[in-house]
Amino acid sequence: MVYEVRQLQEQDGPAAWRLGSVVFGYHASPAPEDFSLVPGRVTWGVLDGDRLIAKAVDREQGQWFGGRIVPTSGVAGVAVAPEARRGGVGRQVLTRLLAGARERGAALSALFPSTPHPYRRLGWEEVGALTYLSVPTSALAAIRPGPGVTLRPAAIEDVPAVQALYRDWARSGTGMMERSGLLYDTTPEKFLAAYDGVTVAVGATGAVEGYASWVRGPHTDPVARVTAHDLVATTPEAQSALLAMFGGWASVAPTTVLRLGQGDPALLEIPTTLVTVDSRQPWMLRLVDAPAAIAARGWPGHLTGAVDLELADPECRWNAGPWRLVLDGGIGRLEPGGSGGVRFTPRGLAAWYAGAATPSALRRAGLLSGDAVADPLLSAATAGPVPVLHDFF
Ligand SMILES: CC(C)(COP(=O)(O)OP(=O)(O)OC[C@H]1O[C@@H](n2cnc3c(N)ncnc32)[C@H](O)[C@@H]1OP(=O)(O)O)[C@@H](O)C(=O)NCCC(=O)NCCS
């Protein structure tokens, strides 16, 4: 069966809404008026005659790798009509999306899978997770607030400083979202209205040294909770003060839920072993345009070297072939050619790029093969903070 695969237009909006809302179960809600017209979102569809049978959205976003923002295609709303599933239609719409994303300048693609297999088959690999941790609030009550720090609710004028703190934090991470661009509304009023509270920690000099954006759940019973979506501090004093503030909820909200990634400094302070995972949503990565992705991210400044790679990539054929990876004082590039001694699958390349797996682990998983002499260089090149993404899409 030959289907038409194309970018959906305004007139396709109702069909796209119908397909997505039924598949994901929000069909009782009315469609937003601007559904098909959101700048920064391109929807690709598969049509059987005039019937939309599959769709997938390419979101224009940026994610931080090695201290630089890499243009990324955030894939969302992937839906195939129930009657058309398992017939290769999902594959068709996603491979077309990848080509379109490259044409518009995306170097990477990221997504939160409902099931990993179809995405693994197309070259994405799991590199991290969006994690909320559950902590007994009483344990946080034992923390002493840091000296010299004052807490207060954020005012409109604080929002630029708060957003700058997030950005510095994202810059030092791996895979964090850049919260600006077409899909992020950075207006201070909207930011503050999204939470029950945004608390800033102000240091002795008057500078904002940390913030927490939080939501107070309903009730005061044993399941009541306060959830911190961001907890960011640049000083230990600000971190202690913010954690201690959550401890102050112990009598009415016995559980505090914190969105914290692996390696977060708050985990070095929370004084209990009773931290459990409240929810965990893995996310996956893929290189859309390998030379662009290598050039766009930052690399360790102390590393210099070259590795001859052979990239396999049946879905993004422009990536396939022999390339020489050259790293030179913080800059990286892929030059065509070389002996192709080190062979990456697309999934292996993604996991390596994010520093989510060592060359040794990738070899054991069958995602990397060939000459192992350069493994220490490859390992050092993407060693860094564990990939963390705090923004669901
Ligand atoms: C997941 C979904 C998009 C896949 O689309 P599809 O057209 O059925 O996928 P394809 O036929 O192109 O299959 C691609 C591969 O994924 C596999 N696959 C498809 N659906 C799968 C599922 N739900 N779980 C595991 N594997 C699945 C296929 O067997 C095939 O693997 P193979 O190449 O090893 O045989 C589709 O089933 C769907 O819309 N599901 C409900 C909504 C959803 O989960 N969307 C994803 C949100 S992240």
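These are my notes on the ligand and the pocket around it in a predicted model.

Ground rules first. Residues count from 1 along each chain as its sequence is written, and side-chain values use heavy atoms, without hydrogens or water. Local features need pLDDT of at least 70 and side-chain atom pairs pLDDT 80 or more, while totals for chains, interfaces and linings use all residues.

Entry one: the neighbours. I looked for residues with a heavy atom within 4 Å of the ligand. There are 20 residues around the ligand, and Arg86, Gly88, Gly90, Ser114 and Arg121 come nearest.

Entry two: polar contacts, meaning pairs of N or O atoms within 3.5 Å. I found a backbone N or O atom of Val78 at 2.8 Å from a ligand nitrogen. Ligand oxygen atoms pair with the backbone too: Arg91 at 2.9 Å, and Gly87 at 3.2 Å. I also checked cover: the ligand alone exposes 890 Å², and the protein buries 75% of that (Shrake-Rupley method, 1.4 Å probe).

Entry three: the pocket. I took a pocket as an open set of points on a 1 Å grid over the protein atoms alone, where a 1.4 Å probe fits, with protein on both sides within 12 Å along at least five of seven lines; lining residues have an atom within 4 Å of a point. The ligand takes up the largest pocket (more than half of its atoms lie within 2 Å of the grid points). That pocket holds about 1,200 Å³ of space, counted as the volume filled by probe spheres set on the points. Its lining has 41 residues, with Val78, Ala79, Val80, Ser114 and Tyr119 nearest the centre.

How values were computed: Polar contact = N/O pair within 3.5 Å; in protein donor to acceptor, adjacent residues only side chain to side chain.
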